[in-house]
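Here is a short briefing to read with the structure open beside you. Take it topic by topic, and rotate the view as you go.

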Amino acid sequence: MRAYFHDNVDSDPKEPHEHLTSVTPEELKNLGVLYWHFDGDDYLEKVNGIAKERNYKNRDEITVSKEALGDSYESKLKIFFQEHLHEDEEIRYILDGSGYFDVRDLLDRWIRIAIVKGDLIVLPAGIYHRFIVDTNDYLKALRLFKEEPKWTPINRPADDNPHRLGYLQSLRDSGLYK
Ligand SMILES: CSCCC(=O)/C(O)=C/O
Ligand SMILES: [Fe+2]
């Protein structure tokens, strides 16, 4: 995983859009974004360990590619890349391929997180974010869920959403932000 500020250039979103300033795992953690990398033969044991620890009871797999999604590929990408939040954590273990999660920091800047095979990322409920594959147009991920598998994006603006408010409160409670 590499993270950096997005250059905000309005060109192909699948390009890296890398600004000079990088973002550390610690800075992501301060926004509630968690990250691990497991790529040995025992990756499933490690993922299962995190799932147990964090009470993720369900899972499924998603492949984001033209082959897997056919005619709906472009429309699905458009939905994933629309800025949104979820009312649950978004937990993804990357089985293959690569892509980008963009998350908003508290100054409303985009931080781009480049994810590759072996990365496990948790986005907290209520964080504004979006997703796009890179120019390889291929990502396969394990999606983990606390409850039944469901994927409901709530597009921005959702500033009054209780999970958005809860997210902001949790950051204030951490003492790292005013
Ligand atoms: C990498 S899984 C597909 C995208 C997705 O589930 C999501 O919520 C993007 O924000
Ligand atoms: Fe999402």
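What follows covers a metal site, two helices and a pair of strand residues.

This is a predicted model. The tour starts at the iron ion (ligand 2), whose protein donors are H84, H86, E90 and H129. It then moves to the helices α5 and α2, and ends with Y138 and S98.

**The iron site**

- The protein donor atoms are NE2 of H84, NE2 of H86, OE of E90 and NE2 of H129, and they lie 2.0 to 2.2 Å from the iron ion (ligand 2).
- Along the chain, the donors of the iron ion (ligand 2) are spaced as H-x1-H-x3-E-x38-H.
- Two of these donors come from separate places: H86 sits in the loop between β5 (84-85) and β6 (90-104), while H129 belongs to strand β9 (residues 129-133), so the pair ties together parts that are 43 residues apart in sequence.
- The site of the iron ion (ligand 2) has 6 donor atoms, and the angles among them run from 73 to 166 degrees, which is classed as irregular.
- For reference, ideal angles at a metal with six octahedral donors are 90 or 180 degrees.
- H86 counts as buried because its relative accessibility is 8%, under the 20% cut-off.
- H129 is also buried, with a relative accessible area of 1%.

**Helix α5**

- Helix α5 (residues 162-173) has 12 residues, and at 1.5 Å a residue it should span 16 Å; its end C-alpha atoms are 16 Å apart, so the two values agree.
- R164, Y167 and L171 are the buried residues of α5.
- Viewed down the axis of α5, these buried residues fall within an arc of 60 degrees, so they line one face of the helix.
- The buried residues of α5 pack against α1 (25-30) and β5.
- P162 and D173 are exposed on the other side of α5.
- At the N-terminal end, N161 caps α5, with a side-chain oxygen 2.7 Å from the backbone nitrogen of H163.
- Just after α5 comes G175, with a positive phi of about 80 degrees.

**Helix α2**

- V47, I50 and A51 are buried in helix α2 (residues 43-53).
- Down the axis of α2, its buried residues fall within an arc of 100 degrees, so they too line one face of their helix.
- Their packing partners are the strands β3 (34-37), β4 (58-65), β6, β8 (119-123) and β10 (138-145).
- On the other side of α2, E45, K52 and E53 are exposed.
- N55 follows α2 and has a positive phi, near 65 degrees.

**Y138 and S98**

- Y138 lies in strand β10 and is partly exposed, with a relative accessible area of 30%.
- The side chains of Y138 and D96 make a polar contact at 3.1 Å.
- Beyond its neighbours within four places in sequence, Y138 is in contact with T63, V64, S65, D96, G97, S98 and V133.
- Y138 and R164 are 26 residues apart in sequence, and their C-alpha atoms are 30 Å apart in space.
- S98 is found in strand β6 and is buried, with a relative accessible area of 11%.
- The side chains of S98 and D134 are joined by a polar contact of 2.6 Å.
- Leaving aside neighbours within four places in sequence, the residues in contact with S98 include I115, V116, N136, Y138 and L139.

Methods
Residues are numbered from 1 along each chain as its sequence is written. Chains are lettered from A and ligands numbered from 1 in the order in which they are written. This is a predicted model: local features need pLDDT of at least 70, side-chain atom pairs count only at pLDDT 80 or more; totals for chains, interfaces and linings use all residues. Side-chain values use heavy atoms; hydrogens and water are left out. Donors are N, O and S atoms within 2.8 Å of the metal (3.2 Å for Na, K and Ca); water is not among the atoms, so sites may look incomplete. Four donors count as tetrahedral if all angles lie between 85 and 135 degrees; four count as square planar and six as octahedral if opposite donors are over 155 degrees apart and all others between 65 and 115; anything else is irregular. Helices (H or I, at least four residues) and strands (E, at least two) are DSSP runs, numbered from the N terminus. Buried means under 20% relative accessible area, exposed over 50%, partly exposed in between (1.4 Å probe, protein chains only). The expected span of a helix is 1.5 Å times one less than its number of residues. The arc is that of the directions from the helix axis to the C-beta atoms. Contact means heavy atoms within 4.5 Å. A polar contact is a pair of N or O atoms within 3.5 Å; within protein, one must be able to donate a hydrogen and the other to accept it, and residues adjacent in sequence count only if both atoms are side-chain atoms.
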